[in-house]
Amino acid sequence: MVAFPTIVAGSYERFLFGFQAPSGATSVEEKQADGSKGTPASLSRCFMYAAHQNAVKCVASKGPFLASGGGDDQIHLYDLKHDKDLGFLINPGDGPVPCLEFFCPQNASGVASATPSHMFSGSQDGSIAIWQAGHQWEHLKLMKGHKGAVNALSIHPTGRLALSTSHDGSLRMWDLSKGRCTYTSKLDAEGDDVSFSPGGGTFTLTSGSKVTVHATSGEGGLLGSLQHNRRVLCSVQEHEHVLLTGLEDGSIKVWDLRTSGLQGSIERAHGTRIRGLCSVLPGGPGSSVPQHLASASSDGVVKVWDVRMMSNGSLKGGQSSGATKPGSGSIHAAMLAQASTGARLTCLTTVDPVGQSRRAGAATATAAAESAAASGRAADASKAAAVTPADDAAAAEKRMKRAAKKRARAEAKAAREAALAAGNAGKGQGDDCRPEGGVGGGAAAPAALRQQQQQQRTPKMKKAGTFGMGDDDEFEVIPAAGSSDEGSGDEGAGQEKAMVSGRGSGMGKRGREQQG
């Protein structure tokens with residue numbers, strides 16, 4: 001029996017609904033063996049929480065944590081692994097919380113941790129708050145720039161930058177090492193959603209019925225355009241080259257991002273507009289789509305689909321298990337289970353407290369390492385294999401800091417020796433005698449060496465006003481407390497002091513009472 005994560009849906013009626021996987025067969029083949037191919041199972045409800053005083057605007061999850069943003073200016077936190085209500089966070093901005101995003105740091109092999117280190121929340125007033133995930137859930141920083149409500153935000157897998165779209169019609173890129181905006185673009189149409197691909201090489205931007213694919217590096221050039229016949233309300237991407245979209249007419253589309261071609265569709269998957277899509281069970285090795293996909297519609301219905309064999313062609317949503325493409329025996333998609341909440345659903349996510357998705361990610365990383373060794377990069381592959389997915393991100397960061405300090409001491413010693421030798425050799429020579437790009441004699445030599453040394457230790461960043469990341473860029477995963485430039489749009493010196501001293505928790509009095 002496959003153990004599913006928990007499916008969580010938010011509603012206009014302020015409730016969160018939690019569902020477990022169907023207790024019966026979990027694949028089309030098993031359902032056919034049971035002789036129940038025409039009868040989808042019922043999703044078993046495991047909880048119903050009155051999460052907010054107003055509508056649930058968004059939900060997000062990572063590891064054991066579940067967070068919901070409401071129209072009551074609050075973020076409600078849960079630990080589903082230990083079945084705990086963690087209380088409320090008061091939005092440091094003004095107004096409802098329309099979007100939330102967790103970030104999990106990667107270890108040296110590129111596998112994300114199962115537990116998030118940070119949470120990001122967008123606000124109705126255009127600000128974006130950064131929180132420390134877990135422990136005291138401290139509010140670290142407030143980034144300002146948008147002139148309207150933040151519609152969506154996405155964090156790059158490396159933690160080096162974030163993208164956000166707003167009701168003001170702009171797309172902004174944020175430098176997370178400095179906590180400030182480095183790029184702004186006025187869009188032709190308001191961006192409803194933005195999301196990095198799993199590998200971070202591309203990002204998708206949704207505006208109405210159109211989804212565009214852009215490169216993350218360079219100038220963020222357009223790579224493809226996906227035109228739908230109705231408005232796109234949600235999407236999910238598990239593979240670098242495949243995107244699934246949920247439409248206003250209740251259909252689900254599968255797109256190949258390399259060709260911008262429609263790979264398949266589930267027509268009339270729901271009777272009303274689809275408000276959420278999420279992966280319930282990750283795809284296996286070589287799979288471009290999730291094994292099982294969950295969808296939620298505004299009429300309160302949640303469905304689970306088996307989409308592993310989805311291919312070119314379409315399938316009517318009214319058909320259940322065992323539906324096939326006419327003239328072929330291949331299965332496209334099948335509805336495994338469904339449930340009706342009786343509420344108007346607004347959003348959907350899955351919570352994976354047992355780390356099932358992480359194990360799938362570890363298997364993918366192992367396969368990538370083997371491929372690298374086969375192509376002649378055995379040294380890099382062996383280094384990736386030496387670090388397990390369970391490596392602690394904090395320990396890895398400490399190792400990197402120790403190595404950086406050791407390297408800095410060696411560079412400083414070499415610089416002093418070189419400066420002394422150069423000063424003795426070029427005594428009496430002016431600045432004009434210094435070779436271009438190098439260090440000659442005179443008093444200018446130590447300053448040039450110090451500048452070169454500083455450049456070697458400083459992460460390379462794109463200048464403000466340019467988009468994307470260079471292939472040779474190095475970056476710190478999430479900023480150290482208090483690292484910001486003047487004019488960055490943060491809360492100022494008082495907030496920085498709170499960050500350094502560990503104060504500034506966003507847990508309000510009411511939230512603490514809830515938590516107690």
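**Figure 1. L233 in strand 21 of the predicted model.** In this predicted model, L233 is partly exposed, with a relative accessible area of 23%. That value misses the buried class because the cut-off for buried is under 20%. L233 belongs to strand 21, residues 232-239. Its partner in the view is I274. The two are 41 residues apart in sequence, yet their C-alpha atoms are 6.7 Å apart in space. With neighbours within four places in sequence left aside, L233 is in contact with G246, E248, R273, I274 and R275.

**Figure 2. S251 in the loop between strand 22 and strand 23.** Strand 22 covers 242-247 and strand 23 covers 252-256; S251 sits in the loop between them. Is S251 buried or exposed? It is buried, at a relative accessible area of 0%. The side chain of S251 makes a polar contact of 2.7 Å with the side chain of D249. Contacts of S251 beyond four places in sequence are T245, G246, I266, E267, R268, A269 and I274. I274 and G246 link this view to the previous one: L233 also has both in its contact list.

**Figure 3. Strand 10 and its residues.** Strand 10 runs over residues 118-122, and 5 of its 5 residues are buried. In a regular strand, side chains alternate between the two faces of the sheet. Strand 10 shows two sets. H118, F120 and G122 point one way. M119 and S121 point the other way. Both sets are buried.

**Figure 4. Strand 10 with its partners, strands 9 and 11.** Which way do strand 9 and strand 10 pair? Strand 9, residues 99-103, pairs with strand 10 in the antiparallel sense, over 5 bridges. Here E101 has F120 of strand 10 as its bridge partner. Strand 11, residues 128-132, is also joined to strand 10 by 5 bridges, and these two strands run antiparallel. H118 has Q132 of strand 11 as its bridge partner. Strands 10 and 11 form a hairpin with 5 residues between them. In the turn, G126 has a positive phi of about 95 degrees.

**Figure 5. Positive phi at D73 and W137.** Most residues other than glycine have a negative phi. Two residues in this view depart from that pattern. D73 is not a glycine, yet its phi is positive, about 65 degrees. D73 is placed in the loop between strand 6 (65-70) and strand 7 (74-79). Its relative accessible area is 29%, which makes D73 partly exposed. W137, also a residue other than glycine, has a positive phi near 50 degrees. W137 lies in the loop between strand 11 and strand 12 (139-143). How is W137 classed, buried or exposed? At 4% relative accessibility, W137 counts as buried.

**Figure 6. An open sheet of strands 17 to 20.** The sheet has 4 strands in the order 17-18-19-20, with antiparallel pairing. Its edge strands are strand 17 (193-196) and strand 20 (222-227), each pairing on one side only. From one strand to the next, the twist averages 15 degrees. Strand 17 and strand 18 (residues 202-207) pair over 4 bridges, in the antiparallel sense. Within this pair, V194 stands opposite L205 of strand 18.

**Figure 7. Segments listed as WD repeats.** An unreviewed UniProt entry lists residues 143-184, 243-265 and 293-308 under "repeat: WD". Two of these segments are described here. Residues 243-265 are 0% helix and 65% strand, and the C-alpha atoms at the ends are 12 Å apart. Residues 293-308 are 0% helix and 69% strand, with end C-alpha atoms 9 Å apart.

**Figure 8. The whole chain as context for the close-ups.** How many helices and strands does the chain have? It has 7 helices and 30 strands. Of the 516 residues in the chain, 49% are buried. Among contacts with a separation of 6 or more, 54% come from residues 24 or more positions apart. The chain exposes about 23900 Å², and carbon and sulfur atoms supply 49% of that area.

Definitions and conventions
Residues numbered from 1 in each chain as written. Predicted model: local features only at pLDDT ≥ 70, side-chain atom pairs only at ≥ 80, totals over all residues. Heavy atoms only, no water. Buried < 20%, exposed > 50% of the residue type's maximum accessible area, 1.4 Å probe, protein only. Pairing = 2+ DSSP bridges. UniProt positions renumbered as here; feature names shortened; annotations may be inferred. Axes fitted to C-alpha atoms, helices over the stretch in contact; angles between N-to-C directions. Contact = heavy atoms within 4.5 Å. Areas by Shrake-Rupley, 256 points an atom, 1.4 Å probe, with all protein chains shown as cover. Polar contact = N/O pair within 3.5 Å; in protein donor to acceptor, adjacent residues only side chain to side chain.
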